[in-house]
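Hi everyone, thanks for coming. I'd like to walk you through one model today, so let me put it up on the screen.

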Amino acid sequence: MNTLSAIQRQRLAEVASYGLMVGSLLLIMWQGLLPGLLCVCLGFLSTRWLSPKLAVLTRAPDGQAPRLAAAVVALLPVLLLAFALPRTRGLILDAPGQYRELLGFLARTVLELREKLPPELGFQLPDGAAEIQHVIAAYLASKAGALATAGRAWLVGLLFAYVGLLIGALAAARPSAFELKPLAAQLHLRLSRFGETFRQIVVAQFWIALFNTCLTAIFLLVLLPLTGNKLPYSMALLLLTFVAGLVPIVGNLLCNAVLTLVGLSVSPGVAAACLVFLVTIHKAEYFINAKVIGHRTHMGVWELLAVMFVMEAVFGPPGLVAAPLFYAYFKKELQATDWV
């Protein structure tokens with residue numbers, strides 16, 4: 001009877017842990033706390049990665065190394081911000097205003113598309129193209145208007161992200177319990193799998209986005225100026241390239257469209273050069289995506305696109321960022337139970 005009771009408690013704890021995990025993720029999405037969640041995972045994994053290295057360097061006791069690592073992870077963003085803020089104040093604090101101006105610039109470029117293109121191409125545009133141009137320009141203008149009130153939300157999001165980083169770092173520095181009750185043990189298992197999925201998906205995508213941004217920076221800030229051309233809003237475009245690069249597939253399409261349109265505002269030749277360059281580096285990125293993310297998580301492109309479409313429809317743009325992580329985690333849980 002006692003054995004049966006223990007099995008029942010174990011099963012109830014497992015079901016409850018699934019329910020708590022799903023409920024927590026939904027609450028995070030509904031309340032706009034996704035940046036905080038990502039930074040919790042980032043702080044936790046960074047502290048765990050740094051702890052053994054600091055233990056070797058400082059020869060600190062085992063119990064002190066995690067605390068030192070947590071302190072480094074917590075203080076490093078503050079130090080970097082204090083050092084970089086005088087140089088990047090406009091880019092960090094005024095980001096919504098810059099992207100509002102960028103969207104307005106894109107709207108004007110779309111309306112002037114026929115004039116921007118070479119005459120032999122401009123005359124070939126169908127008569128209905130003007131109406132489509134006005135629809136696209138109106139959509140971009142509406143998004144620019146929405147950004148007019150996004151300054152406070154942007155700063156609050158940065159604060160939530162930093163608080164999440166602190167929580168993750170402190171959680172990683174906490175000593176592990178040797179014996180856990182059934183529910184705590186199941187929640188620990190769920191969180192461990194989620195953390196492993198984060199490491200596989202988001203960390204890999206972070207390095208891919210960084211690789212993409214570095215190459216784009218070389219193109220925008222070095223190669224184009226050597227030819228006597230310079231794109232407006234270059235720094236805002238680089239930040240957009242990095243953030244959009246965190247979203248597989250869709251982010252690449254967004255960057256291609258925006259950079260090509262901005263290049264078209266300079267000249268058709270610059271637009272063509274932007275398109276060729278972006279297609280080239282994104283081909284390399286697709287290869288890395290397929291090898292790194294696809295191989296590790298066994299996710300097909302059609303699965304990823306379908307989940308991203310649904311998540312974006314339900315939760316908006318944050319759903320695009322969360323879709324690969326959440327889907328890979330739930331698939332990992334199903335694989336662990338031999339359901340898929």
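Let's start at the surface, with the nonpolar patch: helix α9 gives the most to it, with five residues. The patch covers about 550 Å², and the residues that make it are Ile218, Leu221, Val222, Leu223, Leu226 and Met235. Take leucine 223, which sits in helix α9. Is leucine 223 buried or exposed, or something in between? With a relative accessibility of 41%, leucine 223 counts as partly exposed.

I should say right away that this is a predicted model, so please keep that in mind for everything that follows.

Now the overall picture. How many helices and strands does the protein have? The secondary structure comes to 14 helices and zero strands. Reading from the N terminus, then, you meet α after α to the end of the chain. The protein has 340 residues, and 36% of them count as buried. It exposes about 19,700 Å², with carbon and sulfur atoms supplying 72% of that area. For those of you who like contact maps: take the contacts between residues at least 6 apart in sequence, and 75% of them join residues at least 24 apart.

Next, the inside. The largest nonpolar core has 21 residues. Which residues have the most contacts inside this core? They are Leu37, Phe194, Met311 and Phe326. Five elements, if you follow along on the screen, give two or more residues to the core: α1 (2–30), α2 (34–58), α9 (182–226), α13 (301–315) and α14 (317–336). Of these, α14 gives the most, with six residues. Let me zoom in on leucine 37. Setting aside neighbours within four places in sequence, leucine 37 is in contact with Leu25, Ile28, Phe194 and Phe326. There is also a second, separate core of 16 residues, which includes Leu224, Leu237, Val262 and Ile281.

Back to helix α9, this time for a polar residue. Glutamine 186 is found in α9, and at 9% relative accessibility glutamine 186 counts as buried. What does glutamine 186 touch, leaving aside its neighbours within four places in sequence? Its contacts are Gln10, Ala13, Glu14 and Ser17. Look at alanine 13 in particular: the C-alpha atoms of glutamine 186 and alanine 13 are separated by 6.6 Å, though the two residues are 173 residues apart along the chain.

One of those contacts of glutamine 186 is Glu14, and that brings me to charges. Side chains of opposite charge can pair when their charged atoms come close. The count here comes to four salt bridges. Glutamate 14 forms one of them with arginine 11, where the closest N and O atoms are 3.2 Å apart. Both residues lie in helix α1, three residues apart, about one turn of the helix. As for accessibility, glutamate 14 counts as buried at 18%, while arginine 11 is partly exposed at 48%.

Then there is glutamate 333. Its side chain meets that of arginine 190 in a salt bridge, 2.8 Å from N to O. This pair links distant parts of the chain, with glutamate 333 in helix α14 and arginine 190 in helix α9, 143 residues apart. How accessible are the two partners? Glutamate 333 is buried, with a relative accessible area of 5%, and arginine 190 is buried as well, with 1%.

Glutamate 333 also forms a salt bridge with arginine 193, and here the closest N and O atoms are 2.7 Å apart. Because glutamate 333 lies in helix α14 and arginine 193 in helix α9, this pair ties together parts that are 140 residues apart in sequence. Through shared partners, salt bridges join Arg190, Arg193 and Glu333 into one network.

Last topic: cysteines. How many disulfides does a search of the whole structure find? Zero. Cysteine 39 is in no disulfide, and the nearest cysteine sulfur, that of cysteine 41, is 9.2 Å away. Cysteine 41 is in no disulfide either, with the sulfur of cysteine 39 as the nearest one. A disulfide would need the two sulfur atoms within 2.5 Å, so a pair 9.2 Å apart does not count. Cysteine 39 is buried, at 17% relative accessible area, and cysteine 41 is buried too, at 10%.

That's my tour, and I'm happy to hear your thoughts.

Technical notes
Residues are numbered from 1 along each chain as its sequence is written. This is a predicted model: local features need pLDDT of at least 70, side-chain atom pairs count only at pLDDT 80 or more; totals for chains, interfaces and linings use all residues. Side-chain values use heavy atoms; hydrogens and water are left out. Buried means under 20% relative accessible area, exposed over 50%, partly exposed in between (1.4 Å probe, protein chains only). Helices (H or I, at least four residues) and strands (E, at least two) are DSSP runs, numbered from the N terminus. Contact means heavy atoms within 4.5 Å. Accessible areas come from the Shrake-Rupley method with a 1.4 Å probe; for residues, only the protein chains shown count as cover. A nonpolar core is a set of buried Ala, Val, Leu, Ile, Met, Phe, Trp, Tyr and Cys residues joined through side-chain atoms within 4.5 Å. Patches are made of residues with over 30% relative accessible area and no salt bridge: like charges are joined within 9 Å, nonpolar side chains (Val, Leu, Ile, Met, Phe, Trp, Tyr) within 5 Å.
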